[in-house]
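Colleague: I would like a close look at one part of this model, with the cut-offs spelled out. Here is the entry.

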Amino acid sequence: MGRLWIWIWICLSSVPPFLGCQPGDPSFPSPPKDILSSPEAQRAGEGVFLKHCAICHGAEGHGDGLQAINLEPRPADLRNLRGVRAEPGYWFFRIKEGGKKEPLARLHSAMPSWGDHLSDQQIWEVVAYLKSLVAGQA
Ligand code: HEC
């Protein structure tokens with residue numbers, strides 16, 4: 001296989017997603033099939049969220065956790081995000097990378113990067129839980 005084909009293959013398979021085809025136009029990863037609607041995944045994600053995230057984001061994701069008052073920028077209301085910030089793939093990326101990537105890096109956001117602590121599976125489970133919160137199911 002020539003180099004060109006390898007490059008095309010990397011682009012098409014979108015692995016790794018952030019080195020993808022167009023720098024500056026990051027494509028966010030797609031969730032594994034059915035995970036977002038899985039009640040088991042949502043339940044597992046709820047456990048992770050309450051343990052690690054609620055302190056800042058609030059038990060219900062409104063951005064009103066105990067720590068939130070000390071943070072600048074304050075955590076947003078995760079249940080009222082718009083556009084790309086309401087996309088599961090963006091949440092996955094944001095949870096994994098935390099505040100060290102733009103646009104949060106510029107703001108000196110306190111959002112930790114969870115990639116070293118949580119598996120991709122666990123991150124998708126939290127995303128599934130957040131989705132159920134937004135849908136008013138949890
Ligand atoms: C130390 C406090 C803190 C903890 C703990 C924390 N976050 Fe955050 N998070 C923030 C801040 C601050 C931001 C950036 C401000 C914002 O949301 O706009 C943020 C941003 C986010 C965003 C992006 C929202 C957006 O506005 O674009 C998501 C999604 C998110 N956090 C999910 C989580 C999840 C899931 C966990 C637990 C695994 C977690 N956070 C733990 C403080 C925290």
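Colleague: First, a quick check on one loop residue: is aspartate 34 buried or exposed, and how many other C-beta atoms lie within 10 Å? Then please concentrate on α3: which of the residues of helix α3 are buried, and what do they pack against?

Modeller: Some ground rules first. This is a predicted model, in which local features need pLDDT of at least 70 and side-chain atom pairs count only at pLDDT 80 or more, while totals for chains, interfaces and linings use all residues. Residues are numbered from 1 along each chain as its sequence is written.

Your check is quick. Aspartate 34 is exposed, with 9 other C-beta atoms within 10 Å. The scale runs on C-beta atoms placed from the backbone: 20 or more others within 10 Å is buried, 12 or fewer is exposed, and in between is partly exposed. Aspartate 34 sits in the loop between α1 (3-13) and α2. Its phi is positive, about 70 degrees, although aspartate 34 is not a glycine.

Now the frame around α3. The protein has four helices and zero strands, in the order α-α-α-α along the sequence. These are DSSP runs, numbered from the N terminus: H or I of at least four residues for helices, E of at least two for strands. The protein has 138 residues, and 22% of them count as buried. Among contacts with a separation of 6 or more, 50% come from residues 24 or more positions apart. A contact here puts two C-beta atoms, placed from the backbone, within 7 Å.

Then α3 itself. Helix α3 spans residues 88-97, and its buried residues are Trp91, Phe92, Phe93, Arg94 and Ile95. Those buried residues pack against α4 (120-134). Just past the helix, glycine 98 takes a positive phi of about 65 degrees.

The pairing of α3 with α4 has a clear geometry. Their axes come within 9 Å and cross at roughly 130 degrees. Each axis is a line fitted to C-alpha atoms over the stretch in contact, and angles run from 0 to 180 degrees between N-to-C directions. The two helices are therefore oblique to each other. On that scale, under 35 degrees is roughly parallel, over 145 roughly antiparallel, 65 to 115 roughly perpendicular, and the rest oblique. The contact brings Pro88, Trp91, Phe92, Ile95 and Lys96 of α3 to Ile123, Trp124, Val126, Val127, Leu130 and Lys131 of α4. By class, that is nine nonpolar, no polar and two charged residues. Nonpolar means Ala, Val, Leu, Ile, Met, Phe, Trp, Tyr, Cys and Pro; charged means Asp, Glu, Lys and Arg; the others, Gly among them, are polar. An α-helix has 3.6 residues a turn, so residues three or four places apart point the same way.

Take isoleucine 95 in α3 as the sample residue. Isoleucine 95 counts as buried because 23 other C-beta atoms lie within 10 Å. Leaving out residues up to four places away in sequence, isoleucine 95 touches Trp114, Ile123 and Val126. Isoleucine 95 and aspartate 120 are 25 residues apart in sequence, with 10.0 Å from C-alpha to C-alpha.

The loop between α3 and α4 holds histidine 108. Histidine 108 is exposed, having 10 C-beta neighbours inside 10 Å. Its phi is positive too, about 55 degrees, although histidine 108 is not a glycine.

α4 also has α2 as a partner. α2 and α4 pack at about 100 degrees, their axes 7 Å apart. That makes α2 roughly perpendicular to α4. By class, this contact has nine nonpolar, four polar and two charged residues. In helix α4 you also find valine 134. Valine 134 is partly exposed, given 16 C-beta neighbours inside 10 Å. Its C-alpha atom lies 9.2 Å from that of alanine 86, 48 residues away along the chain.

The loop between α2 and α3 contains proline 73. The peptide bond from glutamate 72 to proline 73 is cis, with omega near 0 degrees.

Last, the ligand. α2 (39-57) and α3 each supply at least two residues of the shell around the ligand. α2 gives the most, seven residues. The shell has 25 residues, the closest being Cys53, Cys56, Ala76, Ser109 and Met111. A shell residue has its C-beta atom, placed from the backbone, within 6 Å of the molecule. By class, the shell has 19 nonpolar, four polar and two charged residues.
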